Amino acid sequence: MHKLRDNNAPATCHQLQPQTKRKPVIATIAQLVLALVGFATASFFALHFALVASPTALPFLLPIDPIATADWDSLKESLDSLRKEWLVPGMAVAVVHQGQLVFTHASGLRNENDAVTADTLFQIGSTTKAFTSFSVAQLVDTGALNWDKPVTLQYPVEFMDTTANSTANLIDALSHRTGLPRHDFIMLNGATSEENLSRIKFLQPSAPFREKFQYNNHMVNLAGTIGGKVSGLGWDQLVHKNILKPLGMDNTFTDPHDIFSREDHSRGYGIMPDGSGSLFMFEYNETLWIESTKPAGAILSSVNDLAKWVALINNKGVNPADGKRFVSEKQFSTIFTKHTPGAQMVPVTGGVIKDVSYGLGWFIKSYRGKTCVEHGGNTFGYSTQITTFPEDSLAIIVLTNLNGTPLPEIAAQYISDVLLFPRSWSYWSTLWKSYLLKAYAQSLIERRRIVNSRNKESVPSLPFTAYVGTYHNAGYGDLQIRLRTVETFDAILVGHPGHASVLELVLGHWEYDTFGVFEMHLQRYRDYTFPLIQLHFQLADQGGAVESLSAKLESSVDNIVFKRVD
């Protein structure tokens, strides 16, 4: 038996034998590595020269055309499943690639009995804004408009913010950077477009001019109205003459009342807010309110017609059908310049939606590393999504007849993943459900806080009849309050005498001199345990007459104050 030696002791021949046996193994491994490197190098050069000689000689190495290899039948099944999963009555989808309509799918019902088709008319909501921006750019091309000229010099409009009043131009208006938040309640008061534009000077801003993205429908309405004015056509005819007619979009309309001109149109639906998941159909008059802000969201169209529009957009303003240029390269570039950063509005990004900015009528962002240009639309009864990938000349259109559903975005992103990112996991439906569940849980916590903080024993300072009257705000119009029963009021927001308003409310006592909105017919809201909105009445003095009321009608500014006028 050999004795173990100190590490510093000299080695014997017997001890060196194991090392001598390993040398051939090491050499063999080294030779194998060199052989593999040599093979890879040789293979690389062989493939390189083969491809140079004939790029089609090795077809398995060429990029796969996602359109040519798409399983459209499987896609239809997936879209049908998504529609049913999100309780959407009807949906129409189209895919346009390199100027060609390559896929359409219609699913579900447009009303109680009739199926949706690729020609069914839907309201397309805020995707109208892209048409308005494009028509304004066309007028800049002709010299009729100038991007930099202050809008106050082009139309009788004023801003509360003095800097905006002297400086705000068409780009500011169309890229949502004037400092004004939404103030959307005004659109429901039944006033005309011109009347609401005249009230902008009374709307409180919530951010300094040009410092923050704040979505505002009134600004796009202003830009479109200016375009209609300088052209002498009005916004409707401006869009029709310069975009719709030349593109052959004969099934697209700028007036919401034109929905009656086509039998194949979809009714609008909503989900009952009672948690039952049941649907209701909006009355026609409830879906026509967008007439007050047409350039921001009034267009009606179908996926077949919108395919012509997105083909023009993906071809940089040139109609691929006939080669006609609709807008100059310079103005097209202005439309798709990132004018306002920080424009993320959609709460679900999945970690793959990044760098969201706003151009003119379009969101511009990175989606899984690719440039994506898109916009959604929501009106009462309808939700829309138009998504384009300019580098791939791919566009996706999703029209639905349900109010406020995320399905159009989910469907568009699913189609994007199938066609452009086949190795990705398209998890959008799951992410949206998770987000909505968390938001709902948070809303329950906030509801509990409000209910628990209420003083149930408190009473109003005056008899109910003392609160009846008309209350005026220069920006929002008149809030008319009339006694309904001994314990409730009817309230309606009126922007113009004699004009119908869709904002009809039922008020009841909450605490002290605060009354709550317990019914809102437009949303089918009816809950006497929790107010949708709180109205705070102010008295002239202790026990005196009511002189005003205030309500949080725009979350980012002070309460909107209505002074009593009768």
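How many bridges join strand β13 to strand β21, and in which sense do the two strands run? Select residues 469-473 for β13 and 560-564 for β21: two bridges join them, and the strands run antiparallel. Strands pair here if DSSP finds at least two bridges between them. Within this pair, Y471 has R564 of β21 as its bridge partner. Add residues 546-551, strand β20, which pairs with β21 in the antiparallel sense over four bridges. In that pairing L549 stands opposite F562 of β21.

This is a predicted model, in which local features need pLDDT of at least 70 and side-chain atom pairs count only at pLDDT 80 or more, while totals for chains, interfaces and linings use all residues. Residues are numbered from 1 along each chain as its sequence is written, and side-chain values use heavy atoms, with hydrogens and water left out.

**Whole chain**

Zoom out to the protein, which has 13 helices and 21 strands. Both kinds of element are DSSP runs numbered from the N terminus: helices are H or I with at least four residues, strands are E with at least two. Of its 566 residues, 50% count as buried (buried is under 20% relative accessible area, exposed over 50%, partly exposed in between, with a 1.4 Å probe and protein chains only). Among contacts with a separation of 6 or more, 60% come from residues 24 or more positions apart; contact means heavy atoms within 4.5 Å.

**The open sheet**

Next, select the eight strands that form an open sheet in the order β2-β1-β12-β11-β10-β9-β8-β7, with antiparallel pairing. The edges are β2 (100-108) and β7 (340-341); each has a single partner strand, so one side of each is left without a neighbour in the sheet.

At the β2 edge, pick β1 (residues 90-97), which pairs with β2 in the antiparallel sense over eight bridges. M91 stands opposite S107 in β2. Now show helix α10 (residues 303-314), which lies across β1, β2, β11 (382-389) and β12 (394-400) and runs at about 150° to β12. Such angles run from 0 to 180 degrees between N-to-C directions, and axes are lines fitted to C-alpha atoms, for helices over the stretch in contact.

At the other edge, select P341, which is in strand β7. With 56% relative accessibility, P341 counts as exposed. P341 touches F213, V356 and S357, leaving aside residues up to four places away in sequence. The C-alpha atoms of P341 and F213 are separated by 7.0 Å, although these residues are 128 residues apart along the chain.

**Two helix pairs**

Select α2 (residues 72-85) and α12 (residues 407-420), which pack at an angle of about 155° with axes 11 Å apart. The two are therefore roughly antiparallel to each other (under 35 degrees is roughly parallel, over 145 roughly antiparallel, 65 to 115 roughly perpendicular and the rest oblique). Show side chains: W72, L75, S78, L79, L82 and R83 in α2 meet L407, I410, A411, Y414, I415 and L419 in α12. By class, this contact has ten nonpolar, one polar and one charged residues; Ala, Val, Leu, Ile, Met, Phe, Trp, Tyr, Cys and Pro count as nonpolar, Asp, Glu, Lys and Arg as charged, and the others, Gly among them, as polar.

Finish at α7 (residues 217-231) and α8 (residues 234-247), which pack at about 80° with axes 7 Å apart. That makes α7 roughly perpendicular to α8. Here G224, G227, G228 and S231 of α7 meet G234, W235 and L238 of α8. The contact has two nonpolar, five polar and no charged residues.
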